[in-house]
Amino acid sequence: MTWETFQVVADKVLAYGKTQAIDFAGMGEPTLNPHLPRFIAYFKGKIPTYITTNASALTPKNVERLIEAGLGTLIISYNGADAETYELMMGGLNFERAEKYIAHAVQLAQGRMRVVANVSVTRQTRPKLAEIRRRLNDLGIEKISFSLCHNRGGHLKGDGICDTPIPPRSIKQCDIFDYTLFVAWTGEVLACCHDLDGVGKIGNLVTQPLEDIVRYKEGLRGQGAIFPMCATCNDLYRFSGQANIAGTPVSEWVYALHADQSELANLYIAALRQRDALVEAQHAQTDQARSEAEQYKQQLAEVESRLAALEARAQRAEALVSAYEQGRFIRLVRTLKRATGQIVPRAEGQ
Ligand SMILES: C[S@@+](CC[C@H](N)C(=O)[O-])C[C@H]1O[C@@H](n2cnc3c(N)ncnc32)[C@H](O)[C@@H]1O
């Protein structure tokens with residue numbers, strides 16, 4: 001990315017005011033861009049910054065530049081516990097040099113910049129995870145995330161390296177799409193960092209307002225996995241919010257994902273199953289309570305209609321009684337009048 005493109009994009013991001021973090025990562029290696037320290041310094045004190053790096057260019061001089069620029073967190077990709085695995089997983093990068101650079105970076109960063117590591121769990125690294133953790137701890141890195149490998153939006157073919165199962169096709173949830181905005185070096189906004197062919201163009205931050213692009217994305221919230229590279233995407237970050245896990249095929253996919261991996265993974269599966277069972281039990285109880293409430297409502301309606309009928313009958317009876325009483329009273333008055341001679345019998349013929 002040129003300095004000119006960066007400035008246009010960065011000014012829009014700063015004016016927008018809602019961005020929570022900037023991660024200089026994606027396709028390629030951020031430390032190879034000579035403007036990187038300037039990019040980072042532009043956000044200093046305004047938005048937290050991260051870079052994800054393969055450590056190949058982390059010379060002490062470069063690390064010092066990043067610290068001076070105000071970088072918040074340096075994420076180091078570290079995949080292998082020995083030269084053989086590391087060099088295979090990191091595309092030929094040198095294991096010894098990487099360890100030397102990392103150790104030095106940790107020393108320089110002390111109290112001035114966070115240094116963490118990201119390990120991709122592949123067929124090759126899976127048996128060495130404990131050793132990888134130990135090596136990173138020895139290098140001075142405590143915070144390590146182990147992320148299950150994915151096929152980079154279908155670009156990594158075969159299962160020789162990555163055997164993560166493909167999620168059910170029907171699930172369109174994509175937290176990567178919903179919560180991140182991927183800006184390519186041209187300023188174009190792509191649907192995802194896995195869009196290596198640039199086919200999911202959704203805007204251009206050099207020519208368009210950021211608000212328009214955000215609005216377009218919000219229209220697709222919850223169904224972001226609709227672009228060509230999403231068809232076979234198995235990146236777990238798609239489900240990091242886990243909104244759909246309970247009671248959907250995604251839960252089965254998650255179980256398959258962790259099956260046979262480790263004792264810890266089995267504990268995780270057991271916890272997930274327990275949570276699913278609890279959710280199910282809660283739903284069943286809610287359903288039962290709802291149907292009982294419905295039953296009571298019907299019973300109440302029946303009783304109310306019977307009561308209304310009884311009240312109507314009582315009113316009719318009262319009216320009859322009062323009519324009868326009135327008739328009796330009139331008859332009594334007539335009898336009395338007749339007895340006291342107040343009523344003169346009609347003359348015959350009248
Ligand atoms: C795409 S890289 C780009 C930045 C930089 N070149 C690097 O290697 O760190 C960002 C992160 O994604 C990880 N990554 C790359 N391919 C992956 C895959 N197929 N599965 C899981 N993680 C992967 C890398 O290990 C790295 O930590």
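**Ligand shell, parallel strands and helix packing**

In this predicted model, the shell around the ligand is made up, by class, of 8 polar, 4 nonpolar and 2 charged residues. Of the 14 residues that surround the ligand, those that come nearest are Asn54, Ser77, Asn118, Ser120 and Cys149. Two strands, S2 (49–53) and S4, each contribute at least two residues to this shell.

Strand S4, which spans residues 114–121, is paired with strand S5 (residues 144–148) in the parallel sense, and 5 bridges join the two. Within this pairing, Ala117 has Ile144 of S5 as its bridge partner, while Val121 stands opposite Leu148, also in S5. Together with helix H6, which covers residues 129–138, strands S4 and S5 make a right-handed β-α-β unit. Strand S4 also pairs with strand S3 (residues 73–77), again in the parallel sense and over 5 bridges, and in this case the bridge partner of Thr73 is Arg114 in S4. Strand S4 is thus named both among the strands that supply the ligand shell and in the parallel pairings with S5 and with S3.

A further set of strands is arranged as an open sheet, in which 3 strands follow the order S6-S7-S8 with antiparallel pairing. Strands S6 (182–183) and S8 (201–204) stand at the edges of this sheet and have a single partner strand each, so that one side of each is left without a neighbour in the sheet. The pairing of S6 with strand S7 (residues 188–190) is antiparallel and runs over 2 bridges, with Val189 in S7 as the bridge partner of Val183. Helix H8, formed by residues 210–219, packs on the sheet and touches S7 and S8, and the direction of the helix makes about 160° with that of S8.

Packing between helices is described next. In general, two packed helices are described by the angle between their axes and by the distance between those axes. For helix H3 (residues 60–69) and helix H5 (residues 95–109), the axes come within 10 Å and cross at roughly 35°, and the crossing of H3 and H5 is right-handed. On the side of H3, the residues Pro60, Val63, Glu64 and Ile67 meet His104, Ala105, Leu108 and Ala109 of H5. The residues of this contact between H3 and H5 divide into 6 nonpolar, 1 polar and 1 charged.

Note on methods:
Residues numbered from 1 in each chain as written. Predicted model: local features only at pLDDT ≥ 70, side-chain atom pairs only at ≥ 80, totals over all residues. Pairing = 2+ DSSP bridges. Helix = DSSP H or I, 4+ residues; strand = E, 2+ residues; numbered from the N terminus. Right-handed = clockwise from strand over helix to strand, strands pointing away. Near = placed C-beta within 6 Å. Nonpolar A, V, L, I, M, F, W, Y, C, P; charged D, E, K, R; others polar. Contact = placed C-beta atoms within 7 Å. Axes fitted to C-alpha atoms, helices over the stretch in contact; angles between N-to-C directions. Left-handed = near helix turned anticlockwise from the far one by under 90°.
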